[in-house]
Amino acid sequence: MRPRPAIPIGPRSDEPIDQPTLSREFLAIVGSAVDTLEHSTSSERGVVYAHARHAVAASFRGLTEVERFQRTHALAELERAIARIEEERSAQERLRLRASQELAPDLVPETHGAPAPELTTAPPTRQQDRTQLFLKNFGAGSTVSLIKIAIQLALLPIMAHLLGPKEFGVYALAVPVVAFLATIADGGVGLSLAKDKSDSPAVWSTAFWVLMGSGLVLALAVNAAGFLLVAASPEPRLHTIMLILSFGFPFLTASVLPAARLTRRGDLVSYAFADFSATVISAVVAVTLGLLGFGAISLAWQYTCGYIVRAAILNSRAFERPQFVFQPSAIAGHLSSGGILLGGRLSDLVCRSCENLLFGNNFGAAALGAYNFANQVPRFLFEAFSNPSWSALYAQSINEKQAQLLKIYYKVCRFMAFVTFPAAGVLAAVGPNVLTQVLGPSWVQAGGFLQLLAPGYALSTTASMGTALLLALNANAAFFFLTAGAGLARVAAVATGTFLPAWEAVALVTLLNIVYAVILFACVKRVAGASFSRIVRELYGSFIASCACGLASWSVVSLMGDSIPVLAAAIGCAVVTYFAIMFVADRKNILSEIAFLKRAAGIGQKTA
């Protein structure tokens with residue numbers, strides 16, 4: 001860690017404030033402190049900014065109304081100066097990256113040209129340690145994600161057998177309110193705090209008290225909503241269910257700060273362990289209570305126990321006792337960033353609700369059920385890999401130099417294309433046949449929608465890795481407008497159902513998902529200096545092989561029918577075709593990736 005520059009900053013509390021002069025002074029003093037760090041990361045600059053905030057706040061020791069007013073305005077001017085410094089640093093970094101790309105060849109192997117010379121094995125470096133950490137975080141997150149999917153798939157028929165449709169229906173009445181409040185519980189400040197390296201008591205203690213207060217308020221809101229649901233529904237147990245669900249919100253908000261500390265340390269393994277433990281223990285609780293005849297209440301305790309276990313483990317790994325400090329101005333920047341992230345989440349939630357409402361009104365309940373199912377299948381499959389990949393990339397982004405970060409970003413995009421593109425190819429080729437055999441002929445429409453939606457979801461999921469870079473590089477507004485714009489575009493596509501058939505409206509949704517992916521790649525190019533042509537080169541091998549594997553599986557089904565053994569053979573044929581084409585078309589990069597993983601893991605290295 002570089003030594004923190006001393007920042008003699010802030011007026012005396014007995015001096016009048018000249019805002020334009022003060023802003024220029026802040027810009028000069030803080031800017032010079034940042035310049036001493038040379039090529040700094042956002043987290044390193046965050047230490048300087050936090051010290052500056054603390055110095056300004058400490059300049060006003062009094063409690064008079066005038067002094068409080070002066071402190072508020074001084075901190076506001078400091079935030080404006082910090083925002084201007086960040087804009088200038090981002091512009092300088094983009095120019096530097098463009099210049100380096102023009103003057104030096106890329107170090108990552110390409111798919112054409114002469115082979116790169118063999119690199120001699122060197123002792124592990126700090127960069128290699130960071131790469132190992134990234135792979136460790138990604139591996140832990142992916143493993144736990146797959147285990148969670150397996151547990152959920154196994155738990156669903158068990159709970160359905162124990163409870164029956166009526167109990168699931170009672171619990172479903174409580175889900176919308178709880179899901180909405182859980183979305184806004186942390187205020188979006190968790191990701192922003194993960195970039196704060198200051199350990200300032202004013203920042204972290206204030207954030208703690210704000211989050212604890214919001215958790216208690218939301219718990220009361222859920223409890224009050226229970227009374228309203230009972231008044232509007234003939235089911236008296238809803239209040240008990242909502243009361244149990246309300247217990248989880250203080251634990252949900254209590255998890256935000258330790259999760260942020262673990263993220264800034266780059267320790268997502270601990271988070272994955274907490275997630276795994278919460279899933280297993282809550283599943284055991286649900287099955288036990290279901291066997292004892294608690295009905296829908298068992299599902300409520302499953303939800304709440306998950307938050308309790310997660311909070312307990314995360315706090316055991318990264319809890320720091322808060323001080324009795326409450327300075328809202330100290331976390332004003334985090335609340336602003338969190339508000340933008342929260343706005344993105346809420347806009348996506350509202351747009352999806354409107355999308356479903358319009359689709360149901362235009363095409364009926366049965367078509368809406370088929371559309372929802374066709375949306376959930378690719379999201380369920382792809383997010384098993386995209387969520388841990390995104391988290392690992394974001395944790396790496398806040399501690400990584402921008403030039404090296406782009407190389408990791410390219411590899412993550414390549415990996416996401418490697419796993420999502422072939423799945424989309426198979427779903428587009430034989431999805432209707434699989435659904436008809438497994439779920440019955442009534443799901444044939446869902447299969448048709450799945451054919452249309454899967455390719456768009458594969459590309460947009462791959463492109464969504466770029467949002468980790470946007471947030472890490474403080475391009476929060478770009479993240480918000482992209483998220484909100486994508487949601488509004490889906491709503492507009494579904495709204496065309498007033499004069500278009502259902503399949504054309506769904507095809508338009510897929511087209512807009514592709515457009516969203518292209519725009520997101522362009523934003524990453526603008527904000528982080530990524531090469532658009534390089535992104536295309538990273539994806540094209542998986543695209544070609546996925547088209548071939550989809551064609552292979554479709555050919556098998558067309559020639560031999562769509563019985564379950566034939567479908568299994570078609571999927572197997574698709575897998576073999578995919579890997580064969582990938583090895584032929586992209587052999588050089590595959591071998592390079594294997595060598596990279598060996599170097600990162602330290603395999604075959606000579607010890608001194």
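Okay, let's start with one residue, I281, which is partly exposed, with a relative accessible area of 40%. I281 sits in helix α11. Before I go on, please keep in mind that this is a predicted model, so every number you hear from me was computed from that model.

So what is I281 part of? I281 belongs to a nonpolar surface patch of about 450 Å², together with I147, F273, F276, V280 and V284. Which helix gives the most to that patch? That's helix α11, residues 268-291, with five residues. If you have the structure open, find α11 and look for F273, F276, V280, I281 and V284.

Next up, helix α5. This helix covers residues 165-184, so 20 residues. From its first C-alpha to its last, α5 reaches 30 Å, and that's close to the 28 Å expected at 1.5 Å a residue. Now, where does α5 bend? The bend is at V175, by about 35°, and there's a proline, P176, following within four residues. As for which residues of α5 are buried, the list is E167, V170, Y171, A174, V178, L181 and A182.

Right, on to charges. Some background here: side chains of opposite charge can pair when their charged atoms come close. How many salt bridges turn up in a search of the whole structure? The search finds 10. I'd like to walk you through a few of these.

Let's take R352 and D348. These two form a salt bridge, with the closest N and O atoms 3.3 Å apart. Why are they separated by about one helical turn? Because R352 and D348 are four residues apart in helix α13, which runs over residues 332-363. How covered up are they? R352 comes in at 21% relative accessibility, so it counts as partly exposed, and D348 is partly exposed too, with a relative accessible area of 22%. The cut-off for buried is under 20%, if you were wondering about those two values.

D348 has another partner, though. The side chains of R490 and D348 meet in a salt bridge as well, at 3.3 Å from N to O. This pair links distant parts of the chain: R490 is in helix α18, residues 476-495, D348 is in helix α13, and they're 142 residues apart. Is R490 buried or exposed? At 6% relative accessibility, R490 counts as buried.

And R490 pairs with E355 too. In that salt bridge the closest N and O atoms are 3.0 Å apart. Again the pair links distant parts of the chain, with E355 in helix α13 and R490 in helix α18, 135 residues apart. E355 has just 2% relative accessibility, so it counts as buried. Put these bridges together, and the shared partners join D348, R352, E355 and R490 into one network.

What else does E355 touch? Not counting residues up to four places away in sequence, E355 touches Y371, R490, V491 and V494.

Two more residues and then I'm done. The first one is A384, found in helix α14, residues 365-397. A384 counts as buried, because its relative accessibility is 3%. Which residues is A384 in contact with, leaving aside neighbours within four places in sequence? They are S145, L146 and I149. Look at S142 as well: A384 and S142 are 242 residues apart in sequence, and their C-alpha atoms are 6.8 Å apart in space.

The other one is T461, over in helix α16, residues 444-463. T461 counts as buried, with 11% relative accessibility. Leaving aside its neighbours within four places in sequence, T461 is in contact with F382, S386 and M416. And if you go looking for R379, its C-alpha atom is separated from that of T461 by 8.5 Å, with the two residues 82 apart along the chain.

So, to recap. We began at I281, in the nonpolar patch, and went on to α5 with its bend at V175. Then came the salt-bridge network of D348, R352, E355 and R490, and finally the contacts of A384 and of T461. That's it from me, thanks!

Conventions. Residues numbered from 1 in each chain as written. Predicted model: local features only at pLDDT ≥ 70, side-chain atom pairs only at ≥ 80, totals over all residues. Heavy atoms only, no water. Patch = residues over 30% accessible without salt bridge, like charges linked within 9 Å, V, L, I, M, F, W, Y side chains within 5 Å. Areas by Shrake-Rupley, 256 points an atom, 1.4 Å probe, with all protein chains shown as cover. Salt bridge = Lys/Arg side-chain N within 4 Å of Asp/Glu carboxyl O. Helix = DSSP H or I, 4+ residues; strand = E, 2+ residues; numbered from the N terminus. Buried < 20%, exposed > 50% of the residue type's maximum accessible area, 1.4 Å probe, protein only. Expected span 1.5 Å × (residues − 1). Bend = angle between axes of the 7 residues up to and from the residue. Contact = heavy atoms within 4.5 Å.
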